[in-house]
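Student: Please take a close look at the nonpolar interior of this model and at its aromatic pairs.

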Amino acid sequence: MIWLKDLWDTFKHLKVPDVLDISVMACLVYFILLWFKRTKAAFVARGIFIFAMVYVIAQQAGMYLTTWLFQGFFAIFVIALVIIFQEEIRSFFERIAVWSLGRRSSHPLQPEEVEILVRTSGHFARERIGALIVLKGLDPLERHIEGGESLDGKVSEPLLESLFDPHSIGHDGAVVIENDRVVQFGVHLPLSKEFSKLGNVGTRHAAALGLSERTDALCIVVSEERGTISLARNGSMSIVDNLEFLEERVASFFREMAPKQVKHRWWQDAWRRNPNEKAIALVISVALWLVFVQGFNPSSNVFKVPVEARSVDDRFRVMAVRPQKVTVTVHGLKRDLKLLNPWNLKVSMVADQAEEGTHQIMITEESLSLPGTVALIGVDPPFVELELSKSKGKPFLHLFGTPPEEKPTPAPVEEEGHVQTTP
């Protein structure tokens with residue numbers, strides 16, 4: 001196929017800045033896709049994609065009313081998106097800042113401290129004492145929590161039991177653990193609106209799920225009604241079947257927040273994660289580069305275009321059009337030439353003022369149905385011969401070649417007193 005050959009020729013001449021351009025765009029699109037996947041913006045992304053495709057099709061098809069309407073719609077839609085997803089957008093930029101600073105936990109929980117946390121959670125479950133423990137990750141929590149009291153105490157079983165004692169004034173709130181310290185207690189967390197995931201659970205579970213939707217924190221919830229332990233992270237919640245599983249999850253969380261400095265091929269681990277999103281990001285970035293970078297480079301193309309005569313006076317008919325096709329060379333942006341459909345191209349010669357005989361008509365840019373972004377360079381041959389003759393009988397328009405064979409006009413039949421024409 002011709003377009004595959006053109007695509008191959010384009011990639012053969014890639015330069016280092018082009019590769020870097022595509023790579024940076026692929027990384028940006030990848031992070032946006034992960035954000036869409038983590039938040040509820042995936043459906044919005046699909047809707048934007050569908051509207052964008054309709055807009056491109058309408059623009060190329062010359063549907064001016066639809067194009068104008070969509071342009072106004074997108075201007076309002078972008079503002080609406082910023083307002084609706086302001087929380088997610090702010091979290092997205094916070095994650096980029098955290099990633100760029102390389103923040104890691106300096107004093108993560110040690111195995112014995114993880115055991116204390118697990119043992120205390122098991123005690124709360126057996127005694128039906130409600131508890132909500134937040135293990136801070138890399139994302140800042142200040143914007144998402146309210147109230148509470150500051151505290152700087154080392155993680156211990158007596159401290160946690162005293163904070164969640166039913167007689168304590170802060171037992172209904174959450175405890176925030178950062179590194180190996182209890183930094184706040186009695187704080188209030190944002191509630192989740194994902195009622196399908198919550199089911200019949202209480203406010204503590206809604207608060208834990210709500211914080212996990214906004215940050216990378218791990219939340220441990222103990223239900224005082226059921227005596228169960230649940231974990232909430234990355235917008236999902238699961239019930240812990242046993243304390244061994246809880247210990248493994250908590251230890252894995254802190255290993256992730258403060259990974260050990262061991263020699264390993266980190267790039268292999270990075271490549272294995274989210275392969276689908278990486279492939280989609282690469283395809284989108286290449287497509288954007290072809291449209292917005294290569295697409296704006298000037299280029300030329302040659303087409304074989306048919307010739308037609310229109311607006312011929314009813315007194316005449318077209319006997320011949322020579323030649324029936326001409327070679328047209330056009331110039332424009334690569335993007336516009338790729339979207340140019342050769343089947344829609346034609347040379348239309350207006351012959352409303354032509355008389356009987358043979359005429360030479362010069363082909364101009366007005367004779368071609370070219371989009372406004374494409375210009376005519378040359379036509380071979382530049383003139384077309386149009387042969388007209390007087391019409392006999394019912395006029396008709398013949399576009400190409402010799403007109404169809406005519407039936408002879410019947411002679412009048414004479415009868416007594418009048419002349420009758422045979423039908």
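Tutor: The nonpolar cores come before the aromatic pairs here. This is a predicted model, in which local features need pLDDT of at least 70 and side-chain atom pairs count only at pLDDT 80 or more, while totals for chains, interfaces and linings use all residues. Residues are numbered from 1 along each chain as its sequence is written, and side-chain values use heavy atoms, without hydrogens and water.

A nonpolar core is a set of buried Ala, Val, Leu, Ile, Met, Phe, Trp, Tyr and Cys residues joined through side-chain atoms within 4.5 Å; buried means under 20% relative accessible area, with a 1.4 Å probe and protein chains only. The largest such core has 30 residues, and Leu135, Ile220 and Val250 have the most contacts inside it. Among the elements giving two or more residues to this core are helix H6 (111-126), strand S1 (131-135), strand S5 (218-222) and helix H10 (243-257); helices (H or I, at least four residues) and strands (E, at least two) are DSSP runs numbered from the N terminus. A second, separate core of 27 residues includes Val312, Val328, Leu340 and Val374.

The aromatic pairs number 2, where rings of Phe, Tyr and Trp (its six-membered ring) pair if their centres lie within 6.5 Å, and planes under 30 degrees apart count as stacked, over 60 as edge-to-face and the rest as tilted. Phe124 and Phe164 are edge-to-face, at 5.7 Å centre to centre and 70° between the planes. Phe124 lies in helix H6 and Phe164 in the loop between H7 and S3, 40 residues apart. Both Phe124 and Phe164 are buried. Phe253 and Phe254 also form an edge-to-face pair, at 5.3 Å and 80°. Phe253 is buried at 2% relative accessible area, and Phe254 is buried at 5%.

Technical notes: Buried means under 20% relative accessible area, exposed over 50%, partly exposed in between (1.4 Å probe, protein chains only).
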